[in-house]
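Hi,

Here is the structure I said I would pass on. Have a look at it first, and my notes follow below.

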Amino acid sequence: MQFFFEVLIGGLLSGVMYSLVALGFVLIYKASGVFNFAQGAMVFLAALTYVGLLEQGLPALAALPATLAVMVVLALVIERVVLRPLVNQPQITLFMATIGLTFFIEGLAQITWGANVRGLDLGLQDEPIQWVTDATGMAISKFDLVAAGVAAILVTLLALFFNRTRIGRALRAVADDHQAALAVGIPLQQIWAIVWGVAGAIALVAGLLWGARNGVQYALTFVALKALPVLILGGFESIPGAIVGGLIIGASEKLAEVYLGPFVGGGIEGWFPYVLALLFLLIRPEGLFGEKIIRRI
Amino acid sequence: MFYREAGQFKTSYQADVAIFPIRQDRIAIALIALTAFLVIPLLATSYVFTGILIPFLILSLAAIGLNILTGYAGQLSLGTAAFMAVGAFASYNFMLRVPGIPILLAFIGGGTIAALVGILFGLPSLRIRGFYLAVATLAAQFFILWFLTKVGWVTNYSSSGVITAQPIVILGYTFATPAAKYLLVLSTVTLMALAAKNMARGNVGRSWMAVRDMDVAAEVIGIRLMHAKLLAFAVSSFYCGVAGALFAYAYLGTVEPEAFNLDLSFRILFMVIIGGMGTILGSFLGSAFVTLLPVLLSVTVRYLDSNLNLHIAESAISNLEFMVFGGLIIFFLIVEPHGLARLWQIAKEKLRLWPFPH
């Protein structure tokens, strides 16, 4: 039983890491109706830029704002070059454009900083906390706890931002209907620049945490794929959904790997989240917290 | 002036339902077919066959498959490569385990198995749609590849998980040379493209398009949603399955499941989008674009590299290709969101009026 809880908690905490990436997706989807496949590439670029700047001899405190600046500039460029010409196109076209963007950003990141695997040290030990282990016998990493804390803070801030501020409401209007939002005088271009900038900042946070855990390498871009089942489980438009979905996916995939894996030859972590999300969708087609879709003729 | 249907009257029902109703189209198609079947086999080198033409044709077939599902029936799918893998590995097992089976029958069998798997993974489309469905099809992509890697029976317990395609023998003739394989692939693709074109303009295709444009409305006018959607999944997966079998037998030779990864799925989706959703011609144009672009890019970059003495590192070249590829995709989407097939439509309008402006 103790082993079960250890696996469960480990899964929940790794789920938080998925949530961090999923948050970036949700933010952009909620605010512009764009399914941004490039979020994974942005995570990669952010982590790589930060590490690259550190290697150039910048102190961590200077590298962080510099990376943030890079992400914001990237957001502005994306808005100007990719999104503005594609206003009011069908969602699939925008989705394809973000896949093109993924290729571009991945190439750009590796051309600028090289393709070597690098370590990233945030000064957090990825080892069990002693007193928790003593008290309960379970190994819980300090690193995971900090990641969970960061995610909690981000979610609270974003929820406040979306529900309580003027810009947040404008974002939701844009998500519903580009043209209608333009018609009532919402400055679409500024809104998009802001939201992509914020998504870039979230990508930076996710990139730092994932980079510190797995090393800064090309494989970071695949993290985005793990965020997708989280998204459909939680619902595309829901920030709490991203968190809850992340927790469910993280916990169930670890439990499945440990308890089901041995019967079928292992390696089921790769597809289990998708199948779980798929089965879940059969019951609730819009995910846990997604907006109910009403279709009329 | 050159492309004008004035004076071409349809005097019979047969003429009215012809696949290519305009004479100029028929001449063009005949010329293209003549070139593809007779001229190219005489002129092309074996690199052109194996490096460009065969993958181009096979991926066109897969793109037609995805286009049926995404372009005509409106169900976004990211699992195309997995259905190709099912076709390839099922054909291999038919060849292996059914003694004396003709290889074309094994291909059809592979396509049929892929169609069944497609129906299975198409079931969620009855409940979910849009991006939810797209992500759900990723389940197919990851699950099928895992299954093919983990279940030894599928690869005949080969230790590395790699299968070697049996030689292609039809009526005692062995298709061993690149030119022979090219002709086999070309014939298959031509037949299946014609079939797809026919399906698209018939009853089936129209019900798909109705479902795509608005499924609730389609249901109201009496289209059976379940039937139409699952049929789209089945037909699409059949095309992908046959394409996968050809990919294994006529192109790669030795195949591992990883050859059909998510990257391939995305490339086929690119072909459909860049070529034009809901057109058969677009599948070919898109496939040509996506297959030729990397070749052209690498030739250009290497040419610049050696002539200007830039000394770009090998890894930088591949990254540069990534960037140009991504950039061009965005460029095309901005310039012509309806794809290359739409450009051809516009060109036809212009040709009709030429040399007058309007």
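In helix α6 of chain A, the residues A:Asp144, A:Ala147, A:Ala151, A:Leu154 and A:Leu158 are buried (20 or more other C-beta atoms, placed from the backbone, within 10 Å of their own). They pack against α1 (2-32), α9 (188-214) and α11 (239-259) of chain A. Residues three or four places apart on an α-helix point the same way, because there are 3.6 residues a turn. The 23 residues of α6(A), 142-164, should span 33 Å at 1.5 Å a residue, and the end C-alpha atoms are indeed 33 Å apart.

Before you go on: this is a predicted model, where local features need pLDDT of at least 70 and side-chain atom pairs 80 or more, while totals for chains, interfaces and linings use all residues. Residues are numbered from 1 along each chain as written, with chains lettered from A and ligands numbered from 1 in the order written.

Now the two chains together: 34 residues of chain B are in contact with 38 of chain A (C-beta atoms, placed from the backbone, within 7 Å). On the chain B side, α13(B) gives the largest share, 13 residues. By class, that side has 28 nonpolar, 4 polar and 2 charged residues.

Within chain B, α4 (80-97) and α5 (103-122) pack at about 135 degrees, with axes 7 Å apart. That angle makes α4(B) oblique to α5(B), as it is neither under 35, over 145 nor 65 to 115 degrees. Their contact has 12 nonpolar, 6 polar and no charged residues.

Cheers

Technical notes. Helix = DSSP H or I, 4+ residues; strand = E, 2+ residues; numbered from the N terminus. Nonpolar A, V, L, I, M, F, W, Y, C, P; charged D, E, K, R; others polar. Axes fitted to C-alpha atoms, helices over the stretch in contact; angles between N-to-C directions. Expected span 1.5 Å × (residues − 1). Buried ≥ 20, exposed ≤ 12 C-beta atoms within 10 Å, placed from the backbone.
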